[in-house]
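Please examine the sequence and the structure shown here before reading on. The explanation that follows leads through them step by step.

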Amino acid sequence: MKFEFPADKISAIRSLLSQPKKIVITTHHRPDGDAIGSCLALYHFLVSDGHELSVITPDEAPDFLKWLPGSRQVICHDKNVQPSETKVKEAEIIFCLDFNRLDRLDKLSDAVSKSKAKKILIDHHLDPETSFDFIFSHPESCATCELIYYFITALDNAKVISKSVAACIYTGIMTDTQSFRFSNMTADTHRVIANLIEARVENHVIHENVYDSYSEHRLRLLGYCINNKLKVLKEYKTAFITLSKEELDRFHFASGDSEGFVNYALAIDGIRLAGFFMELDGIIKISLRSKGNFSVKEMAEKYFEGGGHKNAAGGQSELLMEATVEKFITTLKHYSKELNACGLT
Ligand code: 5GP
Ligand code: MN
């Protein structure tokens with residue numbers, strides 16, 4: 001599937017960008033590969049045009065994304081509150097990438113919502129808020145990075161896609177599709193990837209940087225999760241893993257170490273729903289994944305103050321771990337019929 005960016009909106013943005021502007025590019029808190037990839041791809045695309053550009057994230061990206069070109073330019077709001085809020089206040093344009101509601105910016109959301117800048121949303125989550133001046137929302141797209149590809153080629157088809165732009169877009173598509181495996185990874189998305197490889201992206205190096213750069217602690221934590229912490233509830237076609245703060249400390253947990261753990265629970269034959277619960281900053285952070293028709297987005301929104309996509313969503317709980325798991329199991333009881341009827345697509 002190719003994604004359309006209406007000509008009238010693109011020409012309005014092209015004229016906004018025709019003079020050097022103060023631009024902020026931002027994304028959701030706890031940024032992942034698609035979030036950081038889309039911000040840095042757009043940064044590299046615009047940087048040669050003389051704009052005053054800042055990439056500002058609510059908090060830091062995990063270490064396995066730090067090799068991305070431009071990473072060192074990223075300003076984390078939580079560590080630079082005043083300078084980043086001043087930039088947001090003075091910005092003339094704010095690009096909001098890979099999220100659908102301003103509250104996904106966490107402590108940065110106030111400053112962005114108060115800013116007088118033109119706000120441009122490019123995203124692939126369902127149901128975007130309407131508080132943006134331009135909305136490019138394509139929930140059928142596998143990654144915001146795929147949309148960034150269409151956006152920049154619509155803006156300036158003549159501009160050569162640099163190796164840096166290509167690396168950032170490739171990383172976002174690769175990480176949001178678990179290495180190109182989902183049904184939203186269409187022939188056209190593969191064509192985008194082919195164009196990136198033609199733009200000299202070093203695909204094998206990116207896979208190595210992201211998937212073969214974990215710490216020994218992370219691997220041992222994964223082993224512990226699978227051996228000691230995985231619970232399988234066959235009656236609900238569900239499997240889940242919990243990790244307390246004490247366990248995280250024991251394995252010297254660093255941000256990003258638990259990336260992908262939830263997918264191991266989903267890899268068991270017959271399992272349709274997987275959960276991962278982790279005690280972080282005094283709350284329980286929840287990751288949910290599903291196969292087939294079962295919507296974890298709905299479950300996350302309704303019961304865990306979260307959201308996301310049909311098959312990948314997240315949320316949180318302010319209850320203790322035990323009570324959170326109890327609530328999760330009670331929730332499974334509500335969905336028992338659906339989970340058991342749920343076929344694979
Ligand atoms: P993850 O489980 O990898 O943290 O997130 C999976 C998906 O759910 C991502 O698309 C992410 O944007 C979304 N998501 C994760 N946590 C939250 C949350 O607390 N609120 C909302 N609205 N979406 C979330
Ligand atoms: Mn995404």
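The paragraphs below treat the sheets, the helices that pack on them, a metal site and two individual residues. The model is a predicted one.

We begin with a sheet whose pairing is parallel. Six strands make up this open sheet, in the order β3-β2-β1-β4-β5-β6. At its edges stand β3 (75-76) and β6 (134-137); each has a single partner strand, so one side of each is left without a neighbour in the sheet. Helix α1 (residues 7-16) packs on this sheet and touches β4, β5 (118-123) and β6, and its direction makes about 125 degrees with that of β6. Within the sheet, strand β1 (residues 22-27) and β4 run parallel and are joined by five bridges. One particular pair can be located there: Thr-26 has Cys-96 in β4 as its bridge partner.

A further helix, α5, lies across β4, β5 and β6 and runs at about 120 degrees to β5. How far apart are the end C-alpha atoms of helix α5? They are 16 Å apart, which agrees with the 16 Å that its 12 residues (144-155) should span at 1.5 Å a residue. The same helix is largely enclosed by the rest of the structure, because 11 of its 12 residues are buried. Among these buried residues are Cys-145, Leu-147, Tyr-150 and Phe-151. A general point helps when one looks along any such element: an α-helix has 3.6 residues a turn, so residues three or four places apart point the same way.

The second sheet differs in its pairing, which is mixed. Its six strands form an open sheet in the order β7-β8-β9-β10-β12-β11. The edge strands here are β7 (231-233) and β11 (307-308), each of which pairs on one side only. Helix α9 (residues 216-229) lies across β7 and β8 (238-243), and it runs at about 125 degrees to β8.

The mixed character can be followed from strand to strand. Strands β8 and β9 run parallel and are joined by six bridges, with Gly-275 in β9 as the bridge partner of Phe-240. By contrast, β9 and β10 run antiparallel and are joined by eight bridges; in this pair, Phe-277 stands opposite Ile-286 in β10. The hairpin of β9 and β10 has two residues between the strands, and Asp-281 takes a positive phi near 50 degrees in this hairpin. Strand β10 (residues 283-290) also pairs with strand β12 (residues 312-317), in the antiparallel sense and over six bridges. There, Arg-289 has Ala-312 in β12 as its bridge partner. Is strand β9 largely enclosed or left open? Seven of the eight residues of β9 (residues 273-280) are buried, so this strand is largely enclosed by the rest of the structure.

We turn next to the metal site. Which protein residues serve as donors of the manganese ion (ligand 2)? They are Asp-34 (OD), Asp-98 (OD), His-124 (NE2) and Asp-176 (OD), and they lie 2.2 to 2.4 Å from the ion. Along the chain, these donors follow the spacing D-x63-D-x25-H-x51-D. Asp-34 and Asp-98 link distant parts of the chain: Asp-34 belongs to helix α2 (residues 33-46), whereas Asp-98 is in the loop between β4 (93-97) and α4 (109-114), 64 residues apart. Both Asp-34 and Asp-98 are buried.

Two loop residues complete the account. Thr-177 is found in the loop between α6 (163-176) and α7 (187-198). Thr-177 counts as buried because its relative accessibility is 0%, under the cut-off of 20%. Its side chain reaches the backbone nitrogen of Phe-180 at 2.7 Å. Leaving aside neighbours within four places in sequence, Thr-177 is in contact with Cys-142, Phe-182, Asn-184 and Met-185.

Asp-49, in turn, is in the loop between α2 and β2 (52-57). Because its relative accessibility is 37%, Asp-49 counts as partly exposed. Not counting residues up to four places away in sequence, Asp-49 touches Pro-20 and Lys-159. The side chains of Asp-49 and Lys-159 are joined by a polar contact of 3.3 Å. From Asp-49 to Gly-256 there are 207 residues in sequence and 34 Å in space, C-alpha to C-alpha.

Conventions: Residues are numbered from 1 along each chain as its sequence is written. Chains are lettered from A and ligands numbered from 1 in the order in which they are written. This is a predicted model: local features need pLDDT of at least 70, side-chain atom pairs count only at pLDDT 80 or more; totals for chains, interfaces and linings use all residues. Side-chain values use heavy atoms; hydrogens and water are left out. Donors are N, O and S atoms within 2.8 Å of the metal (3.2 Å for Na, K and Ca); water is not among the atoms, so sites may look incomplete. Helices (H or I, at least four residues) and strands (E, at least two) are DSSP runs, numbered from the N terminus. Buried means under 20% relative accessible area, exposed over 50%, partly exposed in between (1.4 Å probe, protein chains only). Two strands pair if DSSP finds at least two bridges between them. Contact means heavy atoms within 4.5 Å. Axes are lines fitted to C-alpha atoms, for helices over the stretch in contact, and angles run from 0 to 180 degrees between N-to-C directions. A polar contact is a pair of N or O atoms within 3.5 Å; within protein, one must be able to donate a hydrogen and the other to accept it, and residues adjacent in sequence count only if both atoms are side-chain atoms. The expected span of a helix is 1.5 Å times one less than its number of residues.
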